[in-house]
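Subject: Structure handover and notes

Hello,

I am passing on the structure we spoke about, and below it you will find my notes, grouped by topic. Please read them with the model open.

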Amino acid sequence: PGVAFWTIQQIVSRAFYAHKDTLTPALAGTAATALALPLYYFGAVRLGAFGVALAGTLGVALYTVILCVVRSRRFGPEGTAGILRLSLLCLAFCLPATAAAYAAQWYVGCVLSMVMHPLWRALLQILAAGCAFLPVYLGLARLLAPSLLAPLNLLWSKACRRKKRQPL
């Protein structure tokens, strides 16, 4: 979920930059960070690494919400109208894909727990998680919201055309 919020934040902050306003995103980020600092402490103490990750996700979510509210009040809601819908759609696709990724990394971890150095095992777990996440996410997006994949399809087709033109 944190990646979705970072994506939205990148889009919304550029609206401020286009109006030559770099101060608002900086102030919003500073405020969100200050508000999230206690979450990092309590998350780390109570939940360890998961708590730190959760605090980071909540912090960027707060930052994104602040930016969206300020942007909407200042410039009107038209510029960000579709972002919420697309974000919820992406989140809906991320949930089953994340479950698949978690299952894949857990399985690889169990199978290799005694036969491999922890660093190599962790690397293979990350690889397995990515290999499980990607087809689930892309499959759901292709089936239920193909317009989300239009930019990727364009890049892919350009890369394929370029590859065909280059001699071996």
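I begin with A159, which is found in helix 6, the helix of residues 150-165. Please keep in mind throughout that this is a predicted model. With a relative accessibility of 37%, A159 counts as partly exposed. Computed along the chain A159 and V115 are 44 residues apart, and in space their C-alpha atoms are 40 Å apart.A second pair to look at is P135 and K158, which lie 23 residues apart along the chain and whose C-alpha atoms are separated by 21 Å. P135 itself lies in helix 5, and its relative accessible area of 49% places it among the partly exposed residues, because exposed would require over 50%.

Charged side chains come next. How many salt bridges does a search of the whole structure find? The search finds one, and in it the side chains of D21 and R74 meet at 2.5 Å, N to O. D21 belongs to the loop between helix 1 and helix 2, while R74 belongs to helix 3, so the pair ties together parts that are 53 residues apart in sequence. As for their surroundings, D21 is buried, with a relative accessible area of 14%, whereas R74, at 44% relative accessibility, counts as partly exposed. In general, side chains of opposite charge can pair when their charged atoms come close.

R121 is a case to set beside that pair. R121 lies in helix 5, which covers residues 118-144, and it is buried yet has no salt bridge. The nearest side chain of opposite charge to R121 is that of D21, and it is 47 Å away. Leaving aside residues up to four places away in sequence, R121 touches G109, L112, S113 and M116.

Another arginine, R71, has its place in helix 3 and counts as buried, since its relative accessibility is 11% and the limit for that class is under 20%. A polar atom of the R71 side chain lies 3.2 Å from the backbone oxygen of G76.

In the loop between helix 1, residues 2-18, and helix 2 you will find K20, which has a positive phi of about 60° although it is not a glycine. K20 is exposed, with a relative accessible area of 78%, whereas D21, which lies in the loop between helix 1 and helix 2 as well, is buried.

The last topic is the nonpolar surface. L39, L47, F50, L54 and L58 form a nonpolar patch there, and together they have about 460 Å² of accessible area. The elements that give two or more residues to this patch are helix 2, residues 23-47, and helix 3, residues 49-75. Which of the elements gives the most to the nonpolar patch? Helix 3 does, with three residues. One of the patch residues, L58, lies in helix 3 and counts as partly exposed at 42% relative accessibility. L58 also pairs distance in sequence with a shorter path in space, as it and F5 are 53 residues apart along the chain and 9.3 Å apart, C-alpha to C-alpha.

If you have time for a few views of the model, I would suggest the D21 and R74 salt bridge, the surroundings of R121 and the nonpolar patch that includes L58.

With best wishes

Terms used: Residues numbered from 1 in each chain as written. Predicted model: local features only at pLDDT ≥ 70, side-chain atom pairs only at ≥ 80, totals over all residues. Heavy atoms only, no water. Helix = DSSP H or I, 4+ residues; strand = E, 2+ residues; numbered from the N terminus. Buried < 20%, exposed > 50% of the residue type's maximum accessible area, 1.4 Å probe, protein only. Lys, Arg positive; Asp, Glu negative; His and termini not counted. Salt bridge = Lys/Arg side-chain N within 4 Å of Asp/Glu carboxyl O. Contact = heavy atoms within 4.5 Å. Patch = residues over 30% accessible without salt bridge, like charges linked within 9 Å, V, L, I, M, F, W, Y side chains within 5 Å. Areas by Shrake-Rupley, 256 points an atom, 1.4 Å probe, with all protein chains shown as cover. Polar contact = N/O pair within 3.5 Å; in protein donor to acceptor, adjacent residues only side chain to side chain.
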